[in-house]
Amino acid sequence: MLRASLGRGRYAEVLGVADAYLGAHIGHRDLLYLVAVAQRMLQRIPEALGTLATLQSFHPRYSRLFQERGHCHVALRDAPKAIEAFERAIRYNPALPASWQALERLYRIADRPQDSANAASHVAKLASLPSAVVAARGMVADGDFQDAERTVRAHLADHPDDVEALRVLSMIARHFEYNTDAEVLLDKLLAEAPGYNSARYDLILTLVDLHKHQRAREEAERLMAAEPRNPGVQVTHAGILLALGDVDGAIGRYQTLLETMPRDAELLQSLGHAHKTKGEATEAIRSYHRAIEARPDFGEAYWSLANMKTYRFTDFELQRMRQYETQPYLQHADRYHLCFALGKALEDRGEHAESFTYYARGNALKKEGGLYRAAAQERAVRRQMEICTPEFFEARRGWGCLHGSPIFVLGLPRAGSTLIEQILASHPLVEGTMELANIPRLVGSLGSGDMFGDTHYPGVLQELTAEQCREFGEAYIRDTQVYRSIGKPRFIDKMPNNFRNIALIQLILPNATIIDARRDAMDCCFSNFKQLYANGHPFSYDLEDIGRYYRAYVELMDHLDRVLPGRVLRVQHEDVLADLEGSVRRILDHCGLPFDAACVAFHRNERRVHTASAEQVRRPINRDGVDQWRPYEPWLGPLKEVLGPLAR
């Protein structure tokens, strides 16, 4: 209604209605924006700028507020400030024709002919695109993903091969972590337009998210050949090398790039991650510090220091983090990274009340806009329990690939799986890899329904044939070979959430070893609440969601113990801490491996470790993580209530 009134020139009416609504909806993005536009149209420019300042305090990356600010400065005949505002608008949202048109004129007035010509080319490019695609791209840039999806799908219904629309839809899919759908869309797009390099870069990022690192490497090298001076592709290629285990190659590429971009904060951050993976803690910390020097409000660099687990912040660093976290225009990702870092820093100082405040704030920020629903996960678990009966598995006895090399270490994140991995990887017959995405990716291909719709998994397990199960198992063995470099007969796949896929593993790899890493419920759940993940694990940002996830996990594992007795070895983390050698012998016996003393001295293993526990498993066994939740007990009521008897 208000937009219609604005379009009819009823500016005073817009202000009257909007003011009434804003009383109950402080900080409402679209209301504040409409008020600012109406104020400008009524020539109340100072008021409009004030409204835009308020809007920016609530929505610091909203592109249209900067476009509107540019229009205000044009009205004030302040070309430099207008240019600055419009440039910021297009930095956040390149699909703003009005900003590009204004910049074309302003650059020409400022005697910047090359910039004016560049702006004109953008105006022409946007004019050549269907209006629905331009609108959807703008919605994506401003975070309005569901509106964008509706808009672009309506356009694709009549123009199914529109490459620009396909790219927008792939962006939406990636945002919601429907990466398999994004890959399909981008493959279709690039079949139509193989020279669309920006879309190829999107594909590379999607393949990385899917852990399809070998193909991602091939696509990156193809794009590097086409655009040899594109540093973004080179940085991504270095990250792919790191994921494939070529840590030295990744470090070398990062260092080469830093010769020409010595103050690139993200690049320094990536170098720090590579050093951490290699076990070079001092070098990692130095790189993170350099990233902060390059961009002092770089929240992820502070979190990277906190995520070392052994790093302790100085008083000055703590004060600076607090200062930046309160800045109204801080980017959303920087804010939640800083919150998690502050939570850890204050926890280390024993200031648990304030620490929990920051952990809770960081989790709330991270959860914003997420699609995770605990009920859907619980339904999937119940459905799997209905399907996976003793009769179901008996009828499929002997199916699958009989290769016995994989050792699956699974359970919940933060449950001690990295410790078990490190113990096993210290054995001369076992190679540690990383959290491999091959099984989840297979699940995605089996379970894909409509994007953002229901999944066919686990019901599809009933439809698999013996031949399919054998082919899937053989493909797993073949495709994981890229992560194995030293030719040992056994290897570890440490993807925690594969506990949801044990039935599938049983069907396709019946001779694989399966180990369930279990940790005390309260310690495990609270440890997840404190952990900020780069991606995945959307259940971890709410205490009730975490508790329900843990409870569903236990229910499923108990069921599988009944229908597949002896198939899964449960290793309780606290038992490992209490009796390391006894636990090591039990683990090795389950894997059919002879005892080796190196597994007890696991902390001396200098292998690459890719998870948050990298520094912890390089230390001798200790009980530092036991009962870490207890100082926070006053705030963990929702978690204890959901866990019920599982909470001790």
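**Exercise 1. Determine which residues of strand 1 are buried on each of its faces.**

Solution. On one side of strand 1, Pro406, Phe408 and Leu410 are buried, and on the other side Ile407, Val409 and Gly411 are buried, so that both faces are covered. The count agrees: six of the six residues of strand 1 are buried. The model is a predicted one, and the cut-off applied for "buried" is under 20% relative accessible area.

**Exercise 2. Identify the strands that pair with strand 1, and state the number of bridges in each pairing.**

Solution. Step one concerns strand 4: strand 1 (residues 406-411) runs parallel to strand 4 and is joined to it by five bridges. Within this pairing, phenylalanine 408 stands opposite isoleucine 514 of strand 4. Step two concerns strand 3 (residues 490-493): its pairing with strand 1 is also parallel and comprises three bridges. Here isoleucine 407 has isoleucine 492 of strand 3 as its bridge partner.

**Exercise 3. Place strand 1 in the sheet and establish which strands stand at the edges.**

Solution. The sheet is open, has five strands and follows the order 2-3-1-4-5 with parallel pairing. In that order, strand 1 lies between strand 3 and strand 4. Strand 2 (430-434) and strand 5 (568-572) are the edge strands; each has a single partner strand, so one side of each lacks a neighbour in the sheet. From one strand to the next, the twist averages 25 degrees.

**Exercise 4. Describe the largest cavity by its volume, its lining and the elements that contribute to that lining.**

Solution. Begin with the number: the structure holds one cavity of 30 Å³ or more. The space in the largest cavity is about 40 Å³. Next, list the lining, which consists of Ala415, Gly416, Leu419, Ile420, Ala517, Arg518, Val571, His573 and Val576. The elements that give two or more residues to this lining are helix 25 (417-425), strand 4 (513-518) and helix 31 (573-578). Finally, sort the lining by class: six residues are nonpolar, two are polar and one is charged.

**Exercise 5. Decide whether serine 527 is buried or exposed, and describe its surroundings.**

Solution. First locate the residue: serine 527 belongs to helix 29 (residues 521-530). Its relative accessible area is 4%; because buried means under 20%, serine 527 is classed as buried. Setting aside residues up to four places away in sequence, serine 527 touches Arg414 and Arg519. As for glutamine 377, the C-alpha to C-alpha distance from serine 527 is 20 Å, with the two residues 150 residues apart in sequence.

Definitions and conventions
Residues numbered from 1 in each chain as written. Predicted model: local features only at pLDDT ≥ 70, side-chain atom pairs only at ≥ 80, totals over all residues. Heavy atoms only, no water. Helix = DSSP H or I, 4+ residues; strand = E, 2+ residues; numbered from the N terminus. Buried < 20%, exposed > 50% of the residue type's maximum accessible area, 1.4 Å probe, protein only. Contact = heavy atoms within 4.5 Å. 1 Å grid on protein atoms, 1.4 Å probe; cavity = no way out; pocket = protein on both sides within 12 Å on 5 of 7 lines; lining within 4 Å. Points joined across faces, edges and corners; volume = space filled by probe spheres on them. Nonpolar A, V, L, I, M, F, W, Y, C, P; charged D, E, K, R; others polar. Pairing = 2+ DSSP bridges. Axes fitted to C-alpha atoms, helices over the stretch in contact; angles between N-to-C directions.
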